[in-house]
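Good morning, colleagues. Today I should like to take you through the interior of one protein model. Please turn to the display.

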Amino acid sequence: GGGQTEGQVAMGGAYYAVTKPPAFNFNRFIENAWIYDGRSADSGTEGFIEHMAKRHHYKLNIHRLQSLRDNEVRAALFSKSIHCIIFPPLTHFPGLSELAKKDLRGYVSSGNNAVFIGSYEWLSIMNDAFGFRLMSDYKEGPFYRNDRNVRGTPFQWSMSRIQQPDASVYAAKVDSLPLDGKCMFDTMGACVVFYVKYNLGTVTYIGFDYDTPYGIEHWDQILHAAMMM
């Protein structure tokens with residue numbers, strides 16, 4: 001009878017609500033993040049990334065890491081309540097000492113998330129710090145979501161493809177990702193968004209350097225998803 005159909009519709013609605021939450025649930029979004037804004041960071045882009053990070057998430061507290069010197073890195077990474085650190089695009093290559101690399105590995109290993117954004121230099125530093133063998137690549141977008149890999153991650157709610165706003169997209173070769181690495185978006189073997197499980201934590205990379213506010217479309221969602229890993 002009618003009751004049964006209504007029940008099924010209600011069940012369907014409940015099922016839908018469970019399997020398709022809103023793309024970014026405010027209550028679940030992180031409350032705090034470190035962002036490196038020392039002199040190697042590109043100050044214009046870093047400000048824009050901070051603005052993007054806070055878009056729809058005005059309660060997000062940004063804590064600034066001013067330098068990659070050992071004591072400052074250690075003080076930042078040993079603070080218990082901040083589970084995400086963002087490394088924005090660089091204007092030049094910063095030195096990261098062996099101790100700072102060790103602290104970064106320790107931070108990620110214990111269940112935290114490091115997000116590197118938009119430069120081949122970061123791929124090289126990720127190789128150094130985490131023992132990866134990432135190789136740079138470049139292919140023209142758009143980039144397509146890998147539906148199998150995004151399952152169970154915040155990226156599963158992102159768009160099925162992302163455009164290339166300008167030339168400033170720095171990819172890694174999919175084949176160079178570690179065994180624990182998963183590519184979220186790529187085109188023809190050039191991966192522009194990926195993460196690598198590292199012990200209990202995650203190393204995440206976004207290849208776009210956010211150097212233009214135009215045509216940025218869904219890259220803000222990509223940043224939010226990366227921060228929630």
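Let me begin with a question: is Phe132 buried or exposed? Please keep in mind that this model is predicted. Phe132 has a relative accessibility of 9%, and because the cut-off for buried is under 20%, Phe132 counts as buried. Phe130 is likewise classed as buried, at a relative accessible area of 7%. These two residues, Phe130 and Phe132, make a stacked aromatic pair, with 5.5 Å from centre to centre and 20° between the planes.

A further pair deserves attention. The ring centres of Phe208 and Trp219 are 5.1 Å apart and their planes stand at 50°, so this pair is tilted. Phe208 sits in the loop between strand S11 (201–206) and H7, while Trp219 belongs to helix H7, so the pair ties together parts that are eleven residues apart in sequence. Both Phe208 and Trp219 are buried. Across the whole structure, the search finds eleven aromatic pairs. Ring pairs also join Tyr36, Phe87, Phe116 and Trp122 into a cluster.

I turn now to the nonpolar cores. As general background, nonpolar side chains in soluble globular proteins tend to be buried together. Here, the largest nonpolar core has 36 residues, and the members that touch the most others are Tyr210 and Trp219. Several elements each supply at least two residues of this core, among them strand S1 (32–36), helix H2 (43–54), strand S9 (181–187) and strand S10 (190–198). Helix H7 gives the largest share, six residues.

What does Tyr210 touch, leaving aside residues up to four places away in sequence? Its contacts are Thr45, Phe48, Ile49, Met52, Ile117, Ile216, Trp219, Ile222 and Leu223. A second core, separate from this one, holds 35 residues, including Ala76, Ala100, Leu134 and Val203.

Finally, I come to the enclosed space. How many cavities of 30 Å³ or more are counted? The count is one. The largest cavity contains about 40 Å³ of space. Its lining consists of Leu65, Leu68, Val73, Leu77, Ile85, Phe87, Leu96, Ala100 and Leu104. Helix H3 (70–77), strand S3 and helix H4 (98–109) are the elements that give two or more residues to that lining. By character, the lining residues of the largest cavity are nine nonpolar, no polar and no charged.

Two residues link these topics: Ala100 is in the second core and also lines the largest cavity, while Phe87 lines that cavity and belongs to the ring cluster. Thank you for your attention.

Conventions:
Residues numbered from 1 in each chain as written. Predicted model: local features only at pLDDT ≥ 70, side-chain atom pairs only at ≥ 80, totals over all residues. Heavy atoms only, no water. Core = buried A, V, L, I, M, F, W, Y, C linked by side-chain atoms within 4.5 Å. Buried < 20%, exposed > 50% of the residue type's maximum accessible area, 1.4 Å probe, protein only. Helix = DSSP H or I, 4+ residues; strand = E, 2+ residues; numbered from the N terminus. Contact = heavy atoms within 4.5 Å. 1 Å grid on protein atoms, 1.4 Å probe; cavity = no way out; pocket = protein on both sides within 12 Å on 5 of 7 lines; lining within 4 Å. Points joined across faces, edges and corners; volume = space filled by probe spheres on them. Nonpolar A, V, L, I, M, F, W, Y, C, P; charged D, E, K, R; others polar. Phe/Tyr/Trp six-rings, centres within 6.5 Å; stacked < 30°, edge-to-face > 60°.
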